[in-house]
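Work through the exercises below with the model open. Try each task before reading its solution.

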Amino acid sequence: MSAAAEPRPSLTVPAVRARKGGEPLVMITAYDAPSARAVDESGADLILVGDSVAMVVLGYPDTLQVTTADLAHHTAAVARTRPSALVVADLPWMSYHVNREETVRNAAELVRAGAQAVKLEGGSKRLDAVRAILDAEIPVVGHLGLTPQSVHAMGGFRVQGKELDAAREIADDAVALAEAGVFALVLECVPDGVARMVTDAVPVPTIGIGAGRHCDGQVLVYHDLLGLEERRAPKFVRRYASLHADAVDALARFGADVRAGRFPSSAETYHMTDRMAEALDLYSDVVVTGGR
Ligand code: KIV
């Protein structure tokens, strides 16, 4: 029998921060215990309980429908698996937009559910929120570029920072967030030149999604990476498996086996002893025929 694998050491916020310019960070989303176990066993550095749960798990067209309670529910399921990867939970839309008190309370709800850090979207407009959360000793990840919680303001899910002013604004926001104290920064859907400029400008790791290779790490959504959905994926998604097709095939084979009487087999059935079968036969004679 082989010895059980040694659990790998848990990744901490300072350890992630120290990976700036070093071995690229791997972040993958997870929303429940099975996906968290798979992500952690793959050796990923960070698990993101993203508000993408709204779209890839709950069937909403955007991320705006989920609440802090929803994110806490999914974060708790992930945290119960006690992963070695650092668990970061998304603060959903409207959980950090009203005032400092609500912001801190919502961030704390995610920490109590098991998150070790929270992520929020936006730049200079969100510095107060970032500072308030940091004051409560909760580490923060920033998120710039395509910020899906601003889908209506942006006019859809579009690549950001394509014009000079927009690119400069992203870089300025990144520097401001780093100065405020975020320990990492997600860059979503920006040209690779913008991601490179930001990565060079900030002392914290950048983690890209649709931001090219010049980032300090990469993040993908679990369902996209595994092909758990057949929906058209953006061009930055690389599918490493086709689990939706595998699942449909397996489920259809189960249906065919049931209809053809091939399932369950004798090996998949609990059998009684002959003595018990005889006794039951006698009993059913009495029940069915009334002993006649
Ligand atoms: O919610 C999410 O999955 C995210 C990633 C796209 C970075 O924020």
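**Exercise 1.** Find which helices and strands each supply at least two residues of the lining of the second largest pocket.

*Solution.* Remember that this is a predicted model. Step one: go to strand 5 (140-145), which supplies at least two lining residues. Step two: add helix 7 (151-154) and helix 8 (164-180), which each do so too. Step three: look for the largest share of this lining. Helix 8 gives it, with 4 residues.

**Exercise 2.** State how much space lies in the second largest pocket, and sort its lining by class.

*Solution.* Start with the volume: the second largest pocket holds about 510 Å³ of space. Next, find its centre. The pocket is lined by 22 residues, and the closest to the centre are Gly122, Lys125, Thr147, Ser150 and Glu169. Finally, sort the lining. It has 10 polar, 7 nonpolar and 5 charged residues.

**Exercise 3.** Describe the largest pocket by its volume, its lining elements and its residue classes.

*Solution.* Begin with the volume, which is about 1100 Å³. There are 47 lining residues; Ile209, Gly210, Leu220, Phe236 and Val237 are the closest to the pocket's centre. Now trace the elements. Four strands can be checked by name: strand 1 (25-29), strand 6 (184-188), strand 7 (206-209) and strand 8 (217-220) each supply at least two lining residues. Helix 3 (53-56) and helix 10 (222-225) each do so as well. Strand 1 gives the most, with 5 residues. Last, sort by class: the lining has 26 nonpolar, 12 charged and 9 polar residues.

**Exercise 4.** Which pocket is the space taken by the ligand, and which residues surround the ligand?

*Solution.* First, place the ligand: its space is the largest pocket. Then list the shell. Thr29, Leu48, Gly50, Asp51, Ser52 and Asp90 belong to the residues around the ligand, including also Lys119, His143, Val186, Glu188, Ile209 and Val221. Divide this shell by class, and it gives 4 nonpolar, 4 polar and 4 charged residues.

**Exercise 5.** Find how far an oxygen atom of the ligand is from an N or O atom in the side chains of serine 52, lysine 119 and aspartate 51.

*Solution.* Take each side chain in turn. For serine 52, the distance is 2.5 Å. For lysine 119, it is 2.9 Å. For aspartate 51, it is 3.0 Å. Now consider the cover: the ligand taken alone exposes 260 Å², and the protein buries 95% of that.

**Exercise 6.** Locate the cis peptide bond from phenylalanine 263 to proline 264, and the loop that holds methionine 94.

*Solution.* For the cis bond, check omega, which is near -5 degrees. Proline 264 sits in the loop between helix 11 (243-259) and helix 12 (274-289). Then move to methionine 94, in the loop between strand 3 (86-90) and helix 5 (100-113). Phi of methionine 94 is near 70 degrees, a positive value in a residue other than glycine.

Definitions and conventions:
Residues are numbered from 1 along each chain as its sequence is written. This is a predicted model: local features need pLDDT of at least 70, side-chain atom pairs count only at pLDDT 80 or more; totals for chains, interfaces and linings use all residues. Side-chain values use heavy atoms; hydrogens and water are left out. A residue is near a molecule or strand if one of its heavy atoms lies within 4 Å of it. A polar contact is a pair of N or O atoms within 3.5 Å; within protein, one must be able to donate a hydrogen and the other to accept it, and residues adjacent in sequence count only if both atoms are side-chain atoms. Accessible areas come from the Shrake-Rupley method with a 1.4 Å probe; for residues, only the protein chains shown count as cover. On a 1 Å grid over the protein atoms alone, a cavity is a set of points where a 1.4 Å probe fits but cannot get out, and a pocket is an open set with protein on both sides within 12 Å along at least five of seven lines; lining residues have an atom within 4 Å of a point. A molecule sits in a cavity or pocket if more than half of its atoms lie within 2 Å of its grid points. Ala, Val, Leu, Ile, Met, Phe, Trp, Tyr, Cys and Pro count as nonpolar, Asp, Glu, Lys and Arg as charged, and the others, Gly among them, as polar. Grid points are joined across faces, edges and corners, and a volume is the space filled by probe spheres set on the points.
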